[in-house]
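Here are some comments for a colleague who has the sequence and the coordinates open side by side. They are set out as numbered points, so that each can be checked on its own.

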Amino acid sequence: MKFRIVFILFVALSISAISFTNASNLPVVLSGSSVKIFAVSNSKTLMVSVSNNLNDAIEIELNDANGHVLYSETSVEKVNTFSKRLNLNNLDAGYYTLVVKKNLVKTIQPFELTETSIKMSENERKEKYLPNIVQKGNKVDVNVLLNKLSDVNVRVYDIEGRLVFEQINKDVQDLHKRFDLEKLAVGVYLVEVIAGDETQYATISL
C-alpha cells in the first residue's frame with residue numbers, strides 16, 4: 001500500500017467567493033470555551049475568535065452539506081487571541097459546517113446560510129478531543145478520549161507504506177497506552193490512530 005497525499009480542493013470558489021480577513025479591529029468578547037463562533041447580525045458573515053494562549057496552530061475548515069471541504073487554512077500566528085472574519089456572500093443558501101481545530105480539540109459548528117443571513121445555534125455546537133500521539137525514544141504514547149464506546153486502531157507504516165504494526169482496541173471510551181517499537185528497524189515511520197470517526201497521524205524517527 002502506498003501513501004496517498006490528499007489535496008484539499010478549493011471547489012468552485014474563487015478568491016472573492018470566500019474572503020478570510022483579519023478582524024482584530026472588531027470587538028470580541030472571550031469567555032468560557034477558547035473557541036468562539038458567532039454570526040454577524042443581518043449579514044452573511046461569520047466571526048471566529050480563538051484564545052490561543054499556548055500559541056497552537058489553528059485550523060479552520062468549511063464543509064458543505066455533503067461533507068465536501070470548500071476551504072481549509074492553517075494559521076501559525078504567534079498571538080494570544082486569533083480572530084477571523086468569514087465573508088460567505090457568494091455561497092449558495094444551504095447547510096454548512098465550520099470546523100475549528102486548536103491543539104487536540106475539534107470544534108464543530110453547523111449553520112444554515114439563507115439569502116440574507118446566517119442561522120446558527122450554540123446548542124448544536126460540538127467539541128471532540130483528537131487522539132494524542134507522542135514519541136518517547138523507541139516508544140509511542142497514544143492517548144484517546146471519546147464520548148462513546150468505539151474501536152481504537154493503532155497502525156504504524158514504514159516509509160514504503162507497508163504496515164509494520166497494528167493493534168485494535170475494541171469498545172473503549174478512553175485509551176492511554178504506550179507502544180514499544182524497539183523491534184522496528186532504524187528509519188522514519190507514520191503512526192496512524194483511528195478513534196471512532198477521527199483519524200490522527202504523526203511521523204516518528206527511530
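The points below concern a predicted model, and they go from strand pairing to aromatic pairs, a pocket and a single residue.

1. Strand 3, which spans residues 45-51, is mostly covered, with 7 of its 7 residues buried. The burial applies to both faces of the strand, since Thr-45, Met-47, Ser-49 and Ser-51 are buried on one side, while Leu-46, Val-48 and Val-50 are buried on the other.

2. Strand 3 pairs with strand 2 (residues 35-39) in the antiparallel sense, over 5 bridges. One register point that can be checked directly is Ala-39, whose bridge partner in strand 3 is Leu-46. The two strands form a hairpin with 5 residues between them, and in the turn Asn-42 has a positive phi of about 55 degrees, a value to look at when the backbone there is inspected.

3. Strand 3 is also joined to strand 6 (residues 81-87), again in an antiparallel arrangement, by 7 bridges. Here the register can be checked at Val-50, which has Phe-82 as its bridge partner in strand 6. Strand 3 thus has antiparallel pairings with strand 2 and with strand 6.

4. How many aromatic pairs does a search of the whole structure find? The search gives 2. In one of them the rings of Tyr-96 and Phe-111 have centres 5.9 Å apart and planes at 25 degrees, and the pair is therefore classed as stacked, the cut-off for that class being under 30 degrees. This pair links distant parts of the chain, with Tyr-96 in strand 7 (residues 94-102) and Phe-111 in strand 8 (residues 105-113), 15 residues apart. Tyr-96 has a relative accessible area of 9% and is buried, and Phe-111, at 3%, is buried as well.

5. Phe-165 and Phe-179 form an aromatic pair that is edge-to-face, with 5.8 Å from centre to centre and 75 degrees between the planes. Are these two rings buried or partly exposed? Phe-165 has a relative accessibility of 23% and counts as partly exposed, because buried requires a value under 20%. Phe-179, at 5% relative accessibility, counts as buried.

6. The second largest pocket holds about 220 Å³ of space. Its lining consists of Glu-127, Lys-128, Tyr-129, Leu-145, Leu-146, Asn-147, Lys-148, Ser-150, Ala-195, Gly-196, Asp-197 and Glu-198. The elements that give two or more residues to this lining are strand 10 (126-129) and strand 12 (139-157), and strand 12 supplies the largest share, 5 residues. Divided by class, the lining of the second largest pocket has 4 nonpolar, 3 polar and 5 charged residues.

7. Ile-168 lies in strand 13 (residues 163-180) and, with a relative accessibility of 46%, counts as partly exposed, because exposed requires a value over 50%. When residues up to four places away in sequence are not counted, Ile-168 touches Val-152 and Asn-153. Ile-168 and Val-193 are 25 residues apart in sequence, and their C-alpha atoms are 9.8 Å apart in space.

Methods:
Residues are numbered from 1 along each chain as its sequence is written. This is a predicted model: local features need pLDDT of at least 70, side-chain atom pairs count only at pLDDT 80 or more; totals for chains, interfaces and linings use all residues. Side-chain values use heavy atoms; hydrogens and water are left out. Buried means under 20% relative accessible area, exposed over 50%, partly exposed in between (1.4 Å probe, protein chains only). Helices (H or I, at least four residues) and strands (E, at least two) are DSSP runs, numbered from the N terminus. Two strands pair if DSSP finds at least two bridges between them. Rings of Phe, Tyr and Trp (its six-membered ring) pair if their centres lie within 6.5 Å; planes under 30 degrees apart count as stacked, over 60 as edge-to-face and the rest as tilted. On a 1 Å grid over the protein atoms alone, a cavity is a set of points where a 1.4 Å probe fits but cannot get out, and a pocket is an open set with protein on both sides within 12 Å along at least five of seven lines; lining residues have an atom within 4 Å of a point. Grid points are joined across faces, edges and corners, and a volume is the space filled by probe spheres set on the points. Ala, Val, Leu, Ile, Met, Phe, Trp, Tyr, Cys and Pro count as nonpolar, Asp, Glu, Lys and Arg as charged, and the others, Gly among them, as polar. Contact means heavy atoms within 4.5 Å.
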